Amino acid sequence: MKKNILTGIRPTGNLHLGHYFGAGQNWLKLQDDEQYDFHLEIADVQALTDHFDDPAMVRKNVYELATDLLSIGLNPKKVHLYIQSQIPEIAELTVFYSNLVTMARLYRNPTVKTEIKQKKELFGNEGESVTYGFVGYPVSQAADITAFDGELIPVGDDQLPLIEQCREIVRKFNSIYGVTLKEPEPLLSPTPRIKGLDGNDKMGKSLGNAIYLVDDEETIHKKVMNAITDPDKIKKDDPANPEICMVYYYHKLIKNPNLETVCEECKKGHRGCVQCKKELITKMNEFLEPIREKKKYYDTHPEEVKEILQEGTNHARGKAKETITKVKKAMQIDY
Ligand code: SF4
């Protein structure tokens, strides 16, 4: 029996290198691992918790994200790619699970806490910005996972509290209604958080430091030329410390075969930062080119993307229907 792996991603715009190295690369490995049945959810309902007033943007982002995911090499023959809102059983499960968790517990969830804090900083007033749907999204996430008997959940370390919340809901459900649901386990990605070229600990759209997989050569040039280097290196032949330089960090990340030379020359003062950045720009464009090519293909074949999503959604819905039948029977609401 294959183990069910489930992961989700919110459609918030194009994928960037943080997504690729933090999660995407791991997904590419997992799809080739025969011991797993891999489900990848485009979490549009979750995106609506933040953008309920802009459905057109969420819809556009769903297709944008689907083409990006296919462009990095996800193979629809190996991964079930589906849209969350098209599986009504997830919404049903969310309603049933909402009785199994208290508001106090949701507010204590560190991921929710952090996001509420960010909302307060942005909008100034929690009462006006934090909706019921937002506070309850860990419950909907538990429904996402259990709808497909998710056993292993690839996550970054910041997502661990959400998995724990799901495990608690499963345990409570099973203790009240009889053992019906599986408790998921987290599967930590080896490189969960990718730094920005500006030195920020995290690359993110809202932080304005993201390098998108669809960025063209000119954009890559501008972004890399503004990257943070060792601040003590003033002149071209000053020795420097590559370990505190974001340009070196990215040479490492994209696996520049010339990495050792970059490191040695930097330490000895035999390399200027402009030359080093130009080399990174070339390597990064080489790295991104196959992704850009595939993206061009899918952008000009939108019907193919829609078919892939439809097929993935049909498969996922079949599984979710099996789960909801079991759940309703356990809850004695299978009239
Ligand atoms: Fe960074 Fe390269 Fe400059 Fe060294 S030479 S500080 S690695 S950009």
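**Helix packing and the ligand shell**

User: Is the crossing of helix 4 and helix 15 left-handed or right-handed?
Analyst: In this predicted model, helix 4 and helix 15 make a left-handed crossing.

User: At what angle do they pack, and how far apart are the axes of helix 4 and helix 15?
Analyst: Helix 4, residues 88–97, packs against helix 15, residues 302–330, at about 30°, and the two axes are 9 Å apart. Angles under 35 degrees count as roughly parallel, so helix 4 is roughly parallel to helix 15.

User: What about helix 12 and helix 13: at what angle do they pack?
Analyst: The angle is about 160°, with 10 Å between the axes of helix 12 and helix 13, the latter spanning residues 259–268. Because angles over 145 degrees count as roughly antiparallel, helix 12 is roughly antiparallel to helix 13. The crossing of helix 12 and helix 13 is left-handed.

User: Changing topic, where does the ligand sit?
Analyst: The ligand occupies the largest cavity.

User: Which residues surround the ligand there?
Analyst: The surrounding residues are Thr229, Asp230, Lys233, Cys245, Val247, Tyr248, Cys266, Arg271, Cys273 and Cys276.

User: How many of the shell residues are nonpolar, polar and charged?
Analyst: The shell around the ligand has 6 nonpolar residues, 1 polar residue and 3 charged residues.

User: And which helices each supply at least two residues of that shell?
Analyst: Helix 12, covering 246–253, and helix 14, covering 273–299, each contribute at least two residues to the shell around the ligand. Helix 12 is also the partner of helix 13 in the packing described above.

Definitions and conventions: Residues numbered from 1 in each chain as written. Predicted model: local features only at pLDDT ≥ 70, side-chain atom pairs only at ≥ 80, totals over all residues. Heavy atoms only, no water. Near = heavy atom within 4 Å. 1 Å grid on protein atoms, 1.4 Å probe; cavity = no way out; pocket = protein on both sides within 12 Å on 5 of 7 lines; lining within 4 Å. Sits in = over half its atoms within 2 Å of the grid points. Helix = DSSP H or I, 4+ residues; strand = E, 2+ residues; numbered from the N terminus. Nonpolar A, V, L, I, M, F, W, Y, C, P; charged D, E, K, R; others polar. Axes fitted to C-alpha atoms, helices over the stretch in contact; angles between N-to-C directions. Parallel < 35°, antiparallel > 145°, perpendicular 65-115°, else oblique. Left-handed = near helix turned anticlockwise from the far one by under 90°.
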